[in-house]
Amino acid sequence: MNKPFAHLTLTCHAKKSCAPCDCSDAEIAIRHYASPKQQLAAMNTAQREWCYAEITRFMPNESLSSLAALADDELARMVLKAWRFSVRF
């Protein structure tokens with residue numbers, strides 16, 4: 001399975017106690033990237049491509065060229081937005 005964020009070994013971004021945290025490495029990383037308080041290295045190609053795939057999985061009309069133009073924090077927020085679309089019914 002593709003886990004492009006596993007090497008970051010970040011801790012849960014939530015300020016509340018959720019121990020033991022059951023968020024995936026990707027969710028923890030995306031929430032860190034989306035936060036203006038975090039100073040992470042730029043996403044690599046595999047991480048950005050994972051984000052594109054995750055966004056278009058739930059929002060298939062999104063243009064890859066417009067997603068590619070987004071900064072890492074904006075891209076991470078689009079992933080969070082796509083996840084919100086996934087739970088609507």
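**A walk around a four-helix chain**

Start by selecting H1 and H4: these two helices make a left-handed crossing. Left-handed here means that the near helix is turned anticlockwise from the far one by less than a right angle, and right-handed that it is turned clockwise. Helices are DSSP runs of H or I with at least four residues, strands are runs of E with at least two, and both are numbered from the N terminus.

Before moving on, note that this is a predicted model, in which local features need pLDDT of at least 70 and side-chain atom pairs count only at pLDDT 80 or more, while totals for chains, interfaces and linings use all residues. Residues are numbered from 1 along each chain as its sequence is written, and side-chain values use heavy atoms, with hydrogens and water left out.

**Stay on H1 and H4**

Their axes come within 7 Å and cross at roughly 125°. The axes are lines fitted to C-alpha atoms, for helices over the stretch in contact, with angles from 0 to 180 degrees between N-to-C directions. H1 and H4 are therefore oblique to each other; under 35 degrees counts as roughly parallel, over 145 as roughly antiparallel, 65 to 115 as roughly perpendicular, and the rest as oblique. To see the contact (heavy atoms within 4.5 Å), show Glu 27, Ile 30, Arg 31, Tyr 33 and Ala 34 on H1, then Asp 72, Asp 73, Ala 76, Arg 77, Val 79, Leu 80 and Trp 83 on H4.

**Zoom in on H1**

Is H1 largely enclosed or not? Of its 10 residues 7 are buried, so the rest of the structure largely encloses H1. Buried is under 20% relative accessible area, exposed is over 50%, and partly exposed lies in between (1.4 Å probe, protein chains only). Select Ala 26, Ile 28, Ala 29, Ile 30, His 32, Tyr 33 and Ala 34 to light up the buried set of H1. H2 and H4 are among what covers them.

**Swing over to H2 and H4**

Here the axes come within 8 Å and cross at roughly 30°, so H2 and H4 are roughly parallel to each other. H2 also passes H4 in a left-handed crossing. On the H2 side, pick Arg 48, Trp 50, Cys 51, Tyr 52, Glu 54, Ile 55 and Phe 58; on the H4 side, Asp 72, Leu 75, Met 78, Val 79, Ala 82, Trp 83, Phe 85 and Ser 86.

**Centre on Leu 75 and Ile 55**

Leu 75 sits in helix H4 and counts as buried because its relative accessibility is 0%. Draw a distance to Ile 55: the two C-alpha atoms are 8.9 Å apart, with their positions 20 residues apart along the chain. Beyond four places in sequence, Leu 75 is in contact with Met 43, Arg 48, Cys 51, Tyr 52, Ile 55, Leu 67 and Leu 70. Counted likewise, Ile 55 touches Glu 62, Leu 67, Leu 75, Met 78, Val 79 and Ala 82.

**Show the core**

The largest nonpolar core (buried Ala, Val, Leu, Ile, Met, Phe, Trp, Tyr and Cys residues joined through side-chain atoms within 4.5 Å) has 20 residues, of which Phe 5, Ile 30, Met 43, Trp 50, Cys 51 and Ile 55 touch the most other members. H1 (25-34), H2 (45-58) and H4 (72-86) each supply at least two core residues. Which helix gives the largest share? That is H4, with 7 residues.

**Zoom out**

The whole chain has 4 helices and 0 strands. Of its 89 residues, 31% count as buried. Among contacts between residues at least 6 apart in sequence, 50% join residues at least 24 apart.
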